[in-house]
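Q: Can you walk me through this model? I'd like to start with the ligand and then look at one residue.

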Amino acid sequence: MSQLEIKDLHVSIGEKKIVKGLTLTVRSGEVHAIMGPNGTGKSTLAKAVAGHPSFTITSGDVLLDGKSILAMQPDERARAGLFLAFQYPSEIPGVSIANFIRAAVQARLGEGAELDASSYYKRLYSKMDLLKMDRKFTSRAINDGFSGGEKKRCEILQMAMLEPKIAMMDETDSGLDIDALRIVADGVNALRSTNLGVLMITHYQRLLGYIVPDHVHVMWDGRIVKSGDKDLALELEAKGYDWVKNELVPA
Ligand code: ADP
Ligand code: MG
């Protein structure tokens, strides 16, 4: 049982305050969706938690399994069990998916530890079976000439192999066609049953028709202003974000 606790977090970019006191706990096996209009700080939140150097955490704390991660470098945070899915994954011609993921898994091991090839491939293939992926897929070069759906499949496979405790997905659905959306949703749903905790950031309700969240939070001006279950996402879709804004009591 793992948990990511974000406690009264304040994040600035330069002098500009973006996240203004956000508190949220994500536990293993749970899917939380954060929704909100553009510019409210959703991406800033995810990047700050992942350790992006452009963002300054001015107060508050982020704990993974009770331990603050704020002093850790991004790679240490990843080793501790955090995963941030990219919105626009890079292409790496000449490097096969199998070798790329192998390097990533190797990097996770302690110094001097050598990844055993046969057990690596055994695990890779079992994850591919779980995600219903064709084995030929991993001999292709990373994202080179991939369709949108194939890029997402590759991301999901990396996530399955790295076995993060908590995955943050920032607008993974934007620009995806229905097939790609299903790949992401089926992958997340398969991994969810293995106890992965997910923080899913999305502007639209569409993805949430495929990945049914346990909790939905509305972010507005750097804070969570409303939380509910999956029905809140439907309500937002029907009424728009102005409905939440109008409900807010003026400070
Ligand atoms: P969201 O993901 O909710 O659309 P963002 O976190 O991307 O919101 O942005 C929140 C605010 O921070 C916006 O006003 C945006 O212009 C500003 N911002 C984001 N990234 C940077 C940056 N690198 N430099 C300056 N301002 C930024
Ligand atoms: Mg964003």
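A: Here is a short run through the ligand site and then Glu163. This is a predicted model: local features need pLDDT of at least 70, side-chain atom pairs count only at pLDDT 80 or more, and totals for chains, interfaces and linings use all residues. Residues are numbered from 1 along each chain as its sequence is written, and side-chain values use heavy atoms, without hydrogens and water.

Q: Which residues surround ligand 1?
A: Ile13, Lys16, Ile18, Pro37, Asn38, Gly39, Thr40, Gly41, Lys42, Ser43 and Thr44. Being near means having a heavy atom within 4 Å.

Q: Which element gives the largest share of that shell?
A: Helix 1, with three residues. Helices here are DSSP runs of H or I, at least four residues, and strands are E runs of at least two, numbered from the N terminus.

Q: Which atom of Lys42 is 2.9 Å from ligand 1?
A: An N or O atom in the Lys42 side chain, facing an oxygen atom of the ligand. Backbone N or O atoms of Thr40 and Gly41 also lie by ligand oxygens, at 3.2 Å and 3.1 Å respectively.

Q: Switching topic. Where is Glu163 found?
A: In the loop between helix 5 (148–162) and strand 9 (166–170).

Q: What does Glu163 touch beyond its neighbours within four places in sequence?
A: Arg123 and Lys127 are in contact with Glu163 (heavy atoms within 4.5 Å).

Q: How far is Glu163 from Ala98?
A: Their C-alpha atoms are separated by 16 Å, and they sit 65 residues apart along the chain.

Notes:
Chains are lettered from A and ligands numbered from 1 in the order in which they are written. A polar contact is a pair of N or O atoms within 3.5 Å; within protein, one must be able to donate a hydrogen and the other to accept it, and residues adjacent in sequence count only if both atoms are side-chain atoms.
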